[in-house]
Amino acid sequence: MQACRTIVAGLFGLLLAGAASAGEPTECDRLAGSPTDPNRAGAGIGLYGIQAAEAILACERASAADPSNPRLLFNLGRAHDASSLVDKRPDQKAEAGRNFKVAADQGYPAAQVALAAFYWYGWGGLQRDTGQAMHLLAKAMASDTKEANAQRQNLFGDTTFNPDANETQIRIIKDAADAGDADALYALSLPLNLSAGPDAQAELARLLHKAAAHGSAPAARDLARLYFRGSHGLAKNPEESSRLFQQAVDGDDPQTWDSVAMLYERGNFGLPKDEKQAARLYQQASNEGNASAQYDLARFYEEGKGGLPRDAREAARLYGLAADQGNSNAVLALARYMAEGGGGFEASKARAVAYLRRAARWSTRAKDELARMGAQ
């Protein structure tokens with residue numbers, strides 16, 4: 001009976017999400033929609049690219065006109081979250097959480113994924129509730145599996161590095177690891193990279209072996225590096241290293257695709273220098289919204305590498321996508337295009353300076369570039 005209820009709830013969530021995504025994109029969608037929301041209307045925009053004041057006003061108006069649409073409430077939450085992050089308005093975090101909760105209570109998967117982090121960390125005035133965070137992610141799995149899994153992986157990984165993590169959080173991760181959960185096993189391995197003792201190194205290798213055996217792509221990548229070096233108590237084994245790198249790229253983790261692509265680009269860790277393979281993996285990860293891969297793929301288009309045509313406009317588009325997700329390298333590359341007149345921009349130092357000044361609110365590299373230009 002419980003399984004039947006779960007299936008019905010999942011189907012209801014899918015129907016609700018489909019209804020919420022129907023219709024033409026609003027100004028709210030254009031200014032604050034998430035590019036990773038499977039029920040978005042329009043392309044969406046990265047959190048760092050949101051012009052918060054304008055987006056909040058547009059989403060308040062859209063939500064008032066269509067109060068039963070949880071997508072618009074979720075977008076409004078993102079606009080407030082951007083104000084908290086980019087404009088350094090901590091009071092806006094609570095507004096973001098409030099809107100995410102209303103949308104999540106209506107069964108909107110992207111809001112459930114976002115709200116899970118608020119409960120996990122106790123953001124926006126919400127009481128820290130790790131059980132509720134996991135419950136929300138489990139509900140979101142029915143129709144937004146990819147983002148729910150990515151959020152869970154991020155929460156686990158961040159927590160094992162966090163000295164303020166509480167006992168309940170660590171217990172959830174350890175219990176999942178004991179049950180053979182690949183993401184939990186990999187998360188437990190991460191802080192061991194900072195330990196030089198032989199016991200810690202042996203435990204790191206053990207956890208990576210177990211996580212890779214259960215399907216963790218980043219664990220397979222990290223283990224491949226250890227076998228190539230012959231470190232952490234493992235005998236040097238280039239063949240096993242090569243096999244594990246292949247296992248890593250056969251997985252479903254965009255960050256792993258990007259990092260292995262960089263190894264192919266440079267010819268590191270026993271992988272041949274292969275720019276076409278690097279371009280393929282950068283493209284694969286970029287298509288999944290990985291900001292680092294979007295930046296790397298933009299470089300390839302700018303330089304005409306990896307069998308790709310030299311295409312400054314496509315490079316500028318990708319730099320813009322990565323910059324809107326907070327990639328400082330992409331911010332500098334896009335500002336260069338603006339100043340010099342590349343990628344379809346008319347040359348305008350003033351436009352580049354204005355762009356860098358906004359980015360400098362969160363990017364120290366943008367601030368340093370303004371100083372170099374004498375434009376602070």
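## Exercises on a predicted model

Leaving aside residues up to four places away in sequence, Ala235 touches Tyr227 and Gly230; contact here means heavy atoms within 4.5 Å. This is a predicted model, where local features need pLDDT of at least 70, side-chain atom pairs count only at pLDDT 80 or more, and totals for chains, interfaces and linings use all residues. Residues are numbered from 1 along each chain as its sequence is written, and side-chain values use heavy atoms, with hydrogens and water left out.

**Exercise 1.** Place Ala235 and decide: buried or exposed?

*Solution.* Start with the location. Ala235 lies in the loop between helix H12 (217-229) and helix H13 (238-249). Helices (H or I, at least four residues) are DSSP runs, numbered from the N terminus. Next, take the accessibility. Ala235 has 57% relative accessibility and counts as exposed. The cut-offs are under 20% relative accessible area for buried and over 50% for exposed, with partly exposed in between (1.4 Å probe, protein chains only).

**Exercise 2.** Do the same for Asp296: buried or exposed?

*Solution.* Asp296 sits in helix H16 (residues 291-303). Its relative accessibility is 3%, so Asp296 counts as buried. Now list the neighbours. Not counting residues up to four places away in sequence, Asp296 touches Asp258, Met262 and Tyr282.

**Exercise 3.** Find the disulfide and describe its link.

*Solution.* Apply the rule: a disulfide is a pair of cysteine sulfur atoms within 2.5 Å. The count comes to 1 disulfide. Cys28 and Cys59 form it, with sulfur atoms 2.1 Å apart. The pair links distant parts of the chain: Cys28 is in helix H2 (residues 27-32), Cys59 is in helix H3 (residues 52-65), and they are 31 residues apart. Check the handedness. The angle about the S-S bond is 95°, and the link of Cys28 and Cys59 is right-handed. Check burial last. Cys28 is buried at a relative accessible area of 1%, and Cys59 is buried at 0%.

**Exercise 4.** How do H18 and H19 run relative to each other: roughly parallel or roughly antiparallel?

*Solution.* Two packed helices are described by the angle between their axes and the distance between the axes. Helix H18 (residues 328-340) and helix H19 (residues 349-359) pack at about 160°, with axes 7 Å apart. Axes are lines fitted to C-alpha atoms, for helices over the stretch in contact, and angles run from 0 to 180 degrees between N-to-C directions. H18 and H19 are therefore roughly antiparallel (over 145 degrees; under 35 is roughly parallel, 65 to 115 roughly perpendicular, the rest oblique).

Notes:
Helices (H or I, at least four residues) and strands (E, at least two) are DSSP runs, numbered from the N terminus.
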